[in-house]
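This briefing walks through selected local features of one model, grouped by topic. Please read it alongside the sequence and the coordinates shown here.

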Amino acid sequence: MKDVTEAQIGDTLYLHKQPVEPLPGFKSAKPMVFAGMYPVDQSEYNNLKSAIEKLTLNDSSVVVHRDSSLALGAGWRLGFLGLLHMEVFNQRLEQEYNASVILTTPTVPYKAVLSSAKLMKEYREKEITIINPAQFPDKSKVTEYLEPVVLGTIITPDEYTGKIMMLCQARRAVQKNMMYIDQNRVMLKYLFPLNEIVVDFYDSLKSLSSGYASFDYEDAGYQTAELVKMDILLNGSIVEELVTVVHKDKAYSVGKAICERLKDSLPRQLFEIAIQAALGSKIIARETVKAYRKNVLAKCYGGDITRKMKLLKRQAEGKKKLRKVGNVEVPKDAFIKVLKTQSDK
């Protein structure tokens, strides 16, 4: 072994040419939540790399893949066991190694069942796992998409049951069981899609129940889902970093929220910027960042209206030309506002 990371927990070691039966029953931990991690300043990349390597030595359940982004530079895509695990890892990086990082909104691993033999040969398997939303395959290439589901258990005082059931229905959950533990406590069991609870479900549950409800979940495999890849466009150009995978029913609300956040974050230009959320070629949400406008009529004191119209027409043509040639540079802090975990809002 050249590297310490090659020694995995659960490995069976034996003497040369004296093989033994591996110890039964061990399964390596499966990451359930993935997030992009990037240094705030690219000059800190090597320091952050050594910090992550040291931390993963005593927390082998964190899965690390190298990743790069046009907007945020070189970084990693990390896999965690859950949201709490991700927060603890991030805090340890900050407290023990003084590392300042950008952590993107957590995503979950989806699966796609490929439709043709040619694609299966290319990917070398029938079922592929998608960690990064930008690599989500087109609907024409797959027979079905699968999303991870979990069996969630909620224990709550009975006066909050109605509100909590409405919250669970809004998150596409399917009720499995409901029973009274005693006079005033109810235990609810729901089958949740993992991506619906991974960001802010726990916070919503606590605020609805005045902090009394408790929540626990366990892995329940994968189920078929109507998933779509949503692109975000600025003046017709796709922004790779903001591509997300959403359920078909939630696409409009998620797209609208991202467009609104981008509108607040993007600096105004001399030309109009159209921010659009699209499913394939269909635009589902749009926001517009208005252009700066110079008052070209300032030098006209009264006078003929045709002179004013001529000046305004020339200004409109100039803006139209600018919009064709002008590139929209998305500043780093705008990306951070849109990509960062929504619980920070």
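S210 sits in the loop between α6 and β10 (214-225), and in this predicted model S210 has a positive phi of about 55° although it is not a glycine. As background, most residues other than glycine have a negative phi.

**Further positive phi values**
- N98, which is likewise a residue other than glycine, has a positive phi near 50°, and its place is in the loop between α2 and β4.
- With a relative accessibility of 69%, N98 counts as exposed, because the cut-off for that class is over 50%.
- R172, the residue that follows α4, also has a positive phi, in this case near 60°.

**Helix α4 and the loop after it**
- The buried residues of α4 are T161, I164, L167 and C168; seen down the axis of α4, these buried residues fall within an arc of 125°, so they line one face of the helix.
- The face of α4 that is turned away from this buried side carries the exposed residues M166 and Q169.
- The cover over the buried residues of α4 includes the strands β7 (142-157), β8 and β9 (185-193), together with the helix α6 (201-208).
- R171 lies in the loop between α4 (161-170) and β8 (174-182), and R171 counts as buried because its relative accessibility is 12%, where the cut-off is under 20%.
- Leaving aside residues up to four places away in sequence, R171 touches P193, E196, D200, F201, S204 and K250.

**The four-stranded sheet and its helices**
- An open sheet of four strands runs in the order β2-β3-β1-β4, with antiparallel pairing; β2 (63-69) and β4 (101-103) stand at its edges with a single partner strand each, so one side of each is left without a neighbour in the sheet.
- Neighbouring strands of this sheet are turned against each other by 30° on average, with direction ignored.
- Strand β1 (residues 33-39) pairs with strand β3 (residues 73-80) in the antiparallel sense over five bridges, and M37 has W76 as its bridge partner in β3.
- Helix α1 (residues 45-57) packs on the sheet and touches β1, β2, β3 and β4, while its direction makes about 15° with that of β3.
- Helix α2 (residues 83-97) also packs on the sheet, where it touches β1, β3 and β4, and its direction makes about 20° with that of β1.

How values were computed:
Residues are numbered from 1 along each chain as its sequence is written. This is a predicted model: local features need pLDDT of at least 70, side-chain atom pairs count only at pLDDT 80 or more; totals for chains, interfaces and linings use all residues. Side-chain values use heavy atoms; hydrogens and water are left out. Two strands pair if DSSP finds at least two bridges between them. Helices (H or I, at least four residues) and strands (E, at least two) are DSSP runs, numbered from the N terminus. Axes are lines fitted to C-alpha atoms, for helices over the stretch in contact, and angles run from 0 to 180 degrees between N-to-C directions. Contact means heavy atoms within 4.5 Å. Buried means under 20% relative accessible area, exposed over 50%, partly exposed in between (1.4 Å probe, protein chains only). The arc is that of the directions from the helix axis to the C-beta atoms.
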